[in-house]
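Let's walk through this model together, starting at one helix and moving on to cavities, cores and charged pairs. Keep the viewer open as you read.

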Amino acid sequence: MAYRNQQEFIQALEKAGELVRIRTFVNPRLEIAEITDRISKSGQGGKALLFENTGYEFPVLMNAYGSEKRMSMALGVDHLDQVSTEIENLFKSLSAPKESIIDKLKFLPKLGQFASWMPAVKNGRGECQEVVMSEPDLTKLPIITCWPKDGGPFVTLPIIHTKDPNTHTRNVGMYRMQLFSPILTGMHWHKHKVSAKHFSEYKKLNKRMPVAVALGGDPIYAYSATAPLPENVDEYMLAGFLRKRKVELVKCISQPDMEVPADADFIIEGYVEPDEELILEGPFGDHTGYYSLPDWYPRFHVTAITHRKNAVYPATIVGIPPQEDAWLGKATERIFLAPIKMTMIPEIIDMEMPVEGVFHNLVITQIQKDYAGQGQKVMNAMWGAGQMMFNKILVLADRGVQIKDYPKLAKYVFDNLNPATDIYFSQGPMDVLDHSCSKLGFGGKMCIDGTRKFEEEKVEKYELGLPVYQTGIGDRIKNAFFEVKEVNSSLISIAIPCLLISVEKNRVGHVRELHEAICRSVSGIEAIKMILYVESTIDPNDLATALWRFCNNLDPKRDHIVFEAPSSIQPLKTFSCIGFDGTRKTKQFDNFQRDWPNIIVADDETIRSVDEKWNQLAIGPFISSPSLKFKKQMYGEEAVVN
């Protein structure tokens, strides 16, 4: 289903009971973000929020994609798997043999359907150009400041259009934009992104690079801008397929080489100079739940701002999960399962990206396993597949378990896991936002192969038989090691041989020494296959929080410790237990040379302000700030840990 514009989507959300209008004044600086954070974490993603009184001419739409229902509505489907099924059927129809003239004639309507999805440039102006600012001024837009240590206001849902200067191929991406002046923002495109490659080509030609930014319009545009498409595939082709109608584009007013969606709410036109000094952009509270720290990025100069009448400014916040972006990621997980399966890795059955893994950090993949080594084959293929190159932890399972049932999945994986031989480590490109890497954008990965093993994959000396779990192991560890603050041994009760331990590090190599000492001396430890270490400020019994912090703080290749020793309970066998250091890394104890970011929490003043006006908002029973839970986990008040 295609929405004619963002206003029609808002009406559909309201009709479905999925949107709340807020008429009380709410400040775009911090307050909108704090209210949205409370609502998005209130269960099932809460409601979409339309802030109608912001002190600006334009309302602000937040959390529009923030639930499975709203994400499905944005894509015009009843459920997200429906898109994957459509894509799979499309691939099958394309690849099916067409030998007879009847087969070929039957395919003609499909070709016509393909053509109807292709973007088209129309003559004249679009609705997005109904109003042209006489003097472009970004400060007239309600650009939000999300978190207290952000470098300033950021445009957070920009649909950014660039073109290759040689091939004129369009790319549509989403990169945050920090506001510096009425006509200047940063352009935060990472070196791996297609727009950054376009900029590199303009620099070689020493030519000014035109850029156009759209806000609003059909909600499919923003999703398509985030989709991990191949480099030369136009995102508006995907949008046309999803909405079953072509995207109509119009030429920009001040940058006529650029085309933008006619139905967008706002268009920001401008350019990036090829040889201009970069600008220090950030910090910014990012989707990892940590601040991304200041770095140097190109300057975007604004030459025109246009908008439709009655425009609504769309925005989002990212931060400690779950947030709205989790559902954009879930849509990608579902939509791109079929292309991966049909074109690259045919043994894939299903894929899951838990919210605690913030997209790239943790990916679970179910495969049809038919031969020894197939897990490693899938591992290598996935780490070479587009944005999956940023994946840090890959967990493999097979048809023996439902991967969306996390307790059953964990038990199945550990039942099939030899920690000494079934975990594979590698290095490669990582997300620039991954603060755990010793070097920016380059770090360790691991694959945990939890598939059932063929005889060729087994190593007899590690086959210890069924484990015998002993009660009280957590207390024994706490009593023996003063640096251990808490132990979560609850997983043992459901036959998952894994412990989570919070530890206060105080010396070089401390976690390694601790892990080896626990494995040598604690009674009952031979039933345990894996220990996850987190920092002392974290409660390991809060499993979701502990796993989120652990995944963010870990470089698997650098931070793992494999302990092996002759088994004390089974002669001629070897006991092995792997430990992972998911604590904060420092220069003092870890020789870590990069700055370490703080987690993202709201400040006390903003929390108090929202508390005081909550009853005026008319959005339901009082919800306390999610930030309160995390205050004690901070190290100082700044974006960078002191």
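Which residue caps the N-terminal end of α1? Asn5 does, with a side-chain oxygen 3.1 Å from the backbone nitrogen of Gln7. Before going further, please note that this is a predicted model, in which local features need pLDDT of at least 70, side-chain atom pairs count only at pLDDT 80 or more, and totals for chains, interfaces and linings use all residues. Residues are numbered from 1 along each chain as its sequence is written, and side-chain values use heavy atoms, with hydrogens and water left out.

Stay with α1 for a moment (helices are DSSP runs of H or I with at least four residues, strands are runs of E with at least two, and both are numbered from the N terminus). Gln6, Gln7, Glu8, Phe9, Ile10 and Leu13 of this helix are buried (buried is under 20% relative accessible area, exposed over 50%, and partly exposed in between, with a 1.4 Å probe and protein chains only). The buried residues of α1 pack against β1 (19–22), β2 (48–51), β3 (60–62), α3 (68–75), α7 and β20 (313–314). Just after α1, Gly17 takes a positive phi of about 75°.

The same helix leads us to empty space. Five cavities of 30 Å³ or more turn up in a search of the whole structure (on a 1 Å grid over the protein atoms alone, a cavity is a set of points where a 1.4 Å probe fits but cannot get out, and lining residues have an atom within 4 Å of a point). The largest cavity holds about 140 Å³, a volume being the space filled by probe spheres set on grid points that are joined across faces, edges and corners. Its lining has 17 residues, with Gln6, Tyr65, Leu157, Pro219 and Pro314 nearest the centre. Two elements, α1 (6–15) and α7 (219–226), give two or more residues to this lining, and α7 gives the most, with three.

Next, look at the nonpolar packing. The largest nonpolar core has 52 residues, and Met71, Leu75, Tyr223, Leu242 and Ile335 touch the most other members (such a core is a set of buried Ala, Val, Leu, Ile, Met, Phe, Trp, Tyr and Cys residues joined through side-chain atoms within 4.5 Å). A second, separate core of 51 residues includes Phe58, Tyr291, Ile305 and Leu617. In soluble globular proteins, nonpolar side chains tend to be buried together.

What about the charged side chains? The whole structure has 49 salt bridges (a side-chain nitrogen of Lys or Arg within 4 Å of a carboxyl oxygen of Asp or Glu). Glu281 and Arg176 form one of them, at 2.8 Å from N to O. This pair links distant parts of the chain, 105 residues apart: Glu281 is in strand β15 (residues 279–281), and Arg176 is in the loop between β8 (170–173) and β9 (177–181). Both partners, Glu281 and Arg176, are buried.

A more local pair is worth a look too: Glu201 and Lys204 meet in a salt bridge at 3.0 Å, N to O. They are separated by about one helical turn because they lie three residues apart in helix α6 (residues 194–205). Lys204 is exposed, with a relative accessible area of 62%.

How values were computed. 1 Å grid on protein atoms, 1.4 Å probe; cavity = no way out; pocket = protein on both sides within 12 Å on 5 of 7 lines; lining within 4 Å. Contact = heavy atoms within 4.5 Å. Polar contact = N/O pair within 3.5 Å; in protein donor to acceptor, adjacent residues only side chain to side chain.
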